[in-house]
Amino acid sequence: GFVSLCTQDGFLDRWQLSTLPIRIVTVHPDGNRVAIFESDGFSVNRVSVWDWKTKTRLFAKRFRDSVISLSWSAKGSWLIIGNTSVDGITILDAFRGEAEKIFRNPPGIVSLALTGSSESSMITFGPSGVILYTDTATGKERARYSGVSDLSNPVILANNDRIAGYDNGSIYEV
């Protein structure tokens, strides 16, 4: 349940954010807020956002389903939570913690989600292998591509041009 921040000058700041194991951590683009996914691996699945300077929790949300990805939009307007629910994704306003509706049709289980630098589009990817680009203002699907299914720990590479992930002892790039 501890998170540590090591600054460029070697200063280490450690802080206990939970009594549960922290499974995922992501830092807001402003460098001050941090979002964590904490879970007992069974019935408690919680995402919380913390202000690092004041050491206070800004908001928290509980989920019935497991969270499998956590990221901030490029400008930090949204916290994007990929999960194993039927909808597959929850998007929260980064300041109020309230749910935002972006998708006309749910993308399914999401294990990777990012926005472009202007936050006008979002890419999602999940175990199905579908790569989906969505207009964040209208919810309209801009493009859909087939990729490799069942990739673990997907990441985006090459200036947002490629997705890489791990499956059965191999690394795949799409």
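Reader: How many cavities of 30 Å³ or more does the structure hold?
Author: One. Please keep in mind that this is a predicted model. About 50 Å³ of space lies in the largest cavity, and the cut-off for the count is 30 Å³.

Reader: What makes it a cavity and not a pocket?
Author: The way out decides. In a cavity a 1.4 Å probe fits but cannot get out, whereas a pocket is an open set of points. The walls of the largest cavity are formed by Pro107, Ile109, Val110, Thr124, Phe125, Gly126, Ser128, Val130 and Leu132. Two strands, β12 (121–125) and β13 (130–135), each give two or more residues to that lining.

Reader: How do you know which classes the lining of the largest cavity has?
Author: Each lining residue is sorted by its type. Pro, Ile, Val, Phe and Leu count as nonpolar, while Gly is among the polar ones. The result is six nonpolar, three polar and no charged residues.

Reader: Let's move to the open sites. What is the volume of the largest pocket, and which residues lie nearest its centre?
Author: Its volume is about 350 Å³. There are 18 lining residues, and Ser85, Asp87, Ile89, Thr90 and Ile91 lie nearest the centre. Strands β9 (89–93) and β10 (99–100) each supply at least two residues of this lining, with β9 giving the most, three. By class, the lining divides into eight nonpolar, four polar and six charged residues.

Reader: And what lines the second largest pocket?
Author: That pocket has a volume of about 230 Å³. Its lining has 14 residues, and Ile68, Ser69, Ser111, Asn153 and Pro154 are the closest to its centre. At least two residues come from each of β7 (67–72), β11 (112–115) and β15 (152–157), and β15 has the largest share, with five. This lining has nine nonpolar, five polar and no charged residues.

Reader: Back to the largest pocket. Why is serine 85 called buried?
Author: The relative accessible area of serine 85 is 18%, and buried means under 20%. The value falls under the cut-off, so serine 85 is buried. Serine 85 sits in the loop between β8 (78–83) and β9. Beyond its neighbours within four places in sequence, serine 85 is in contact with Asp65 and Ile109.

Reader: What makes the pairing of serine 85 with asparagine 83 a polar contact?
Author: Their side chains come to 2.5 Å, and a polar contact needs N or O atoms within 3.5 Å, one able to donate a hydrogen and the other to accept it. The pair therefore qualifies.

Reader: How do you know that aspartate 93 is buried?
Author: Its relative accessible area is 11%. With the limit at 20%, aspartate 93 therefore counts as buried. Aspartate 93 belongs to strand β9. A polar atom of its side chain lies 2.9 Å from the backbone nitrogen of phenylalanine 95. Leaving aside neighbours within four places in sequence, aspartate 93 is in contact with Phe59, Ser77, Trp78, Glu98 and Glu100.

Reader: Why is isoleucine 81 called buried?
Author: Isoleucine 81 has a relative accessible area of 0%. Buried means under 20%, so isoleucine 81 meets the definition. Isoleucine 81 lies in strand β8. Its contacts outside four places in sequence include Val47, Phe63, Val67, Leu70 and Leu92.

Reader: What makes a group of residues a nonpolar core, and which residues have the most contacts inside the largest one?
Author: The members must be buried residues of the listed nonpolar types, joined through side-chain atoms within 4.5 Å. The largest nonpolar core has 14 residues, and Val47, Val67, Leu70, Leu79 and Ile81 have the most contacts inside it. Two or more of its residues come from each of β4 (33–39), β5 (45–51), β7 and β8, and β7 gives the most, three. Valine 67 touches Ile24, Phe37, Val47, Ile81, Gly82 and Asn83, not counting residues up to four places away in sequence. A second, separate core of 10 residues includes Ile91, Val110, Ala113 and Leu132. In soluble globular proteins, nonpolar side chains tend to be buried together.

Key
Residues are numbered from 1 along each chain as its sequence is written. This is a predicted model: local features need pLDDT of at least 70, side-chain atom pairs count only at pLDDT 80 or more; totals for chains, interfaces and linings use all residues. Side-chain values use heavy atoms; hydrogens and water are left out. On a 1 Å grid over the protein atoms alone, a cavity is a set of points where a 1.4 Å probe fits but cannot get out, and a pocket is an open set with protein on both sides within 12 Å along at least five of seven lines; lining residues have an atom within 4 Å of a point. Grid points are joined across faces, edges and corners, and a volume is the space filled by probe spheres set on the points. Helices (H or I, at least four residues) and strands (E, at least two) are DSSP runs, numbered from the N terminus. Buried means under 20% relative accessible area, exposed over 50%, partly exposed in between (1.4 Å probe, protein chains only). Contact means heavy atoms within 4.5 Å.
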